[in-house]
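Thanks for coming, everyone. I have one structure to walk through today. Please look at the display.

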Amino acid sequence: MTGKAKPKKHTAKELALKADAALTNRGGGKAGLADRTGHEKGGHAKFECPLCKVTAPDVKSMQIHHEA
């Protein structure tokens, strides 16, 4: 038998990771695609390339896109 009959307590770090995993869209399927493209409901894609219409979630990603 392992342990004593004491209940284990969750740490603040563990609770924060569980909340993050539950509330953050990681992106698979049709809902994830809509969230990544950002055209329907805002989503993560906040920037759009004026030339090729590719979307990017932040300035750094858009900068990398333009440099390529």
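Let me start with a question: is Cys 52 buried, partly exposed or exposed? Cys 52 counts as partly exposed, because its relative accessibility is 41%. Keep that residue in mind. We will come back to it.

Before that, some background. This is a predicted model. How confident is the predictor? The mean pLDDT of the protein chain is 76. A score of at least 70 is reached by 74% of the residues. The elements vary. Helix H2, residues 29-37, has the lowest mean pLDDT among them, at 71. Helix H3, residues 59-67, has the highest, at 87. A word of caution: where pLDDT is low, predicted coordinates should not be read in detail.

Now the layout. The protein chain has 3 helices and 2 strands. Reading from the N terminus, the order is α-α-β-β-α. What share of the 68 residues counts as buried? The figure is 13%. The protein chain exposes about 6000 Å². Carbon and sulfur atoms supply 61% of that area. Next, contacts. Take those between residues at least 6 apart in sequence. Of these, 0% join residues at least 24 apart.

On to helix H1, residues 12-23. Does its length come out as expected or not? Here is the reasoning. H1 has 12 residues, and at 1.5 Å a residue they should span 16 Å. The expected span counts one less than the number of residues, so that is the factor to multiply by 1.5 Å. The end C-alpha atoms of H1 are 16 Å apart, so the two values agree.

How many of the 12 residues of H1 are buried? The count is 0, so to speak a bare helix: H1 is hardly covered.

H1 also holds a salt bridge. The side chains of Lys 18 and Glu 14 meet there, at 3.7 Å from N to O. The cut-off is 4 Å, so this pair qualifies. The two residues lie 4 apart in H1, about one turn of the helix. Lys 18 is partly exposed, with a relative accessible area of 47%. Glu 14 is partly exposed too, at 30% relative accessibility. The count for the structure comes to 1 salt bridge.

Back to the cysteines. How many disulfides does a search of the whole structure find? It finds 0. Cys 49 is in no disulfide, and its nearest cysteine sulfur, that of Cys 52, is 3.6 Å away. From the other side, Cys 52 is in no disulfide either, and the nearest cysteine sulfur to it belongs to Cys 49. Why does the pair not count? A disulfide needs the sulfur atoms within 2.5 Å, so a separation of 3.6 Å fails the test. As for cover, Cys 49 counts as buried because its relative accessibility is 2%, which is under 20%. Cys 52, as I said, is partly exposed at 41%.

Last stop: the loop between strand E1, residues 47-48, and strand E2, residues 55-56. Lys 53 is found in this loop. Its phi is near 65°, a positive value in a residue other than glycine. In general, most residues other than glycine have a negative phi. Leu 51 is also placed in the loop between E1 and E2. Is Leu 51 buried or exposed? Leu 51 is exposed, because its relative accessible area is 76%, over the 50% cut-off. The C-alpha atoms of Leu 51 and His 66 are separated by 9.9 Å. Along the chain, those two residues are 15 apart.

That is my tour. Thank you.

Key:
Residues are numbered from 1 along each chain as its sequence is written. This is a predicted model: local features need pLDDT of at least 70, side-chain atom pairs count only at pLDDT 80 or more; totals for chains, interfaces and linings use all residues. Side-chain values use heavy atoms; hydrogens and water are left out. Buried means under 20% relative accessible area, exposed over 50%, partly exposed in between (1.4 Å probe, protein chains only). Contact means heavy atoms within 4.5 Å. Accessible areas come from the Shrake-Rupley method with a 1.4 Å probe; for residues, only the protein chains shown count as cover. pLDDT is the predictor's confidence in each residue, from 0 to 100.
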